[in-house]
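Subject: Structure for you to look at, with notes

Dear colleague,

I am passing on the structure we spoke about, and I would be grateful if you could read the notes below with the coordinates open beside them.

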Amino acid sequence: MTEHQFDEPTIQDLEAQHLAVVREKVAFDAIPQLYDRAYPLIFGALAEAGITPAAAPMGVMHGDMSEGLDLSVAVPVAEPFSGAGEVVGERLPAGRAATLLVRGDFSLLSAAYEHLYGWVMAHGHTPGDVAFEQYLTEPEPGGDPALNETLIAVMLA
């Protein structure tokens, strides 16, 4: 089996982004169930409020990831979201981030994060407390997972 070759990460200055989120601390094996539950709640709350998503859906990871994940399942919105039930407003802060576009199956994301964090450290940067992934293509039932595009990023301290 050959190791996947990732592109060279880049440093970008990102603008702050308002989000509508469902945020929970979850075990790694419970992540798919959180996404499956959260996105219908978020899209339902946005539709009820008459709000259109401003960009592709995301997952935002907060803090130390060694004991599970503090995860915001998120949809970017143009203005602050006041919340509805489990869906609350959150803001991804502006700042410098190391980013990497991952093409292929979601199973590549773990190795892609290792590559990105390794690159950050090797280039003298310090990772911050927030990382995110943005799902630029929507997987389709029976579709080719090799066509997925996911932007991953780690905010820099």
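The notes that follow cover one helix, the salt bridges and one acidic residue.

Please keep in mind throughout that this is a predicted model.

Helix α2

Helix α2 runs over residues 109-122, and its 14 residues, at 1.5 Å a residue, should span 20 Å; the C-alpha atoms at its two ends lie 19 Å apart, which agrees with that expectation. Its buried residues are Leu 109, Ala 112, Tyr 113, Leu 116, Trp 119 and Val 120. When the helix is viewed down its axis, these buried residues fall within an arc of 130°, so they line one face of α2. The pattern can be read against the general geometry, since an α-helix has 3.6 residues a turn and residues three or four places apart therefore point the same way. On the other side of α2, the exposed residues are Glu 114, Met 121 and Ala 122.

What do the buried residues of α2 pack against? Their partners are strands β1 (10-14), β3 (58-62), β6 (95-103), β7 (127-135) and β8 (149-156). Just after the helix, Gly 124 adopts a positive phi of about 80°.

Salt bridges

The structure holds 6 salt bridges, and I describe some of them here. Asp 7 pairs with Arg 103, with 3.1 Å between the closest N and O atoms. This pair links distant parts of the chain, given that Asp 7 sits in the segment before β1 while Arg 103 belongs to strand β6, 96 residues apart. Both ends are partly exposed, Asp 7 with a relative accessible area of 42% and Arg 103 with one of 44%.

Arg 103 also forms a salt bridge with Glu 149, where the closest N and O atoms are 3.5 Å apart. Because Glu 149 lies in strand β8 and Arg 103 in strand β6, this pair ties together parts that are 46 residues apart in sequence. Glu 149 counts as partly exposed, at 27% relative accessibility. Through these shared partners, the salt bridges join Asp 7, Arg 103 and Glu 149 into one network.

A further salt bridge brings together the side chains of Arg 23 and Asp 70, at 2.8 Å from N to O. Here too the pair links distant parts of the chain, with Arg 23 in strand β2 (residues 17-26) and Asp 70 in strand β4 (residues 69-77), 47 residues apart. Arg 23 is partly exposed, with a relative accessible area of 39%, whereas Asp 70 counts as buried at 14% relative accessibility.

Glu 90

The last residue I would draw to your attention is Glu 90, which is found in strand β5 (residues 88-92). Is its position buried or exposed? Its relative accessible area is 16%, and because the cut-off for buried is under 20%, Glu 90 is buried. The side chain of Glu 90 makes a polar contact with the side chain of His 62, at 3.3 Å. Leaving aside neighbours within four places in sequence, the residues in contact with Glu 90 are Gln 17, His 18, Leu 19, Val 21, Arg 23, His 62 and Ser 72. Arg 23 is thus in contact with Glu 90, besides meeting Asp 70 in the salt bridge described above.

With best wishes

Notes: Residues are numbered from 1 along each chain as its sequence is written. This is a predicted model: local features need pLDDT of at least 70, side-chain atom pairs count only at pLDDT 80 or more; totals for chains, interfaces and linings use all residues. Side-chain values use heavy atoms; hydrogens and water are left out. Helices (H or I, at least four residues) and strands (E, at least two) are DSSP runs, numbered from the N terminus. The expected span of a helix is 1.5 Å times one less than its number of residues. Buried means under 20% relative accessible area, exposed over 50%, partly exposed in between (1.4 Å probe, protein chains only). The arc is that of the directions from the helix axis to the C-beta atoms. Contact means heavy atoms within 4.5 Å. A salt bridge is a side-chain nitrogen of Lys or Arg within 4 Å of a carboxyl oxygen of Asp or Glu. A polar contact is a pair of N or O atoms within 3.5 Å; within protein, one must be able to donate a hydrogen and the other to accept it, and residues adjacent in sequence count only if both atoms are side-chain atoms.
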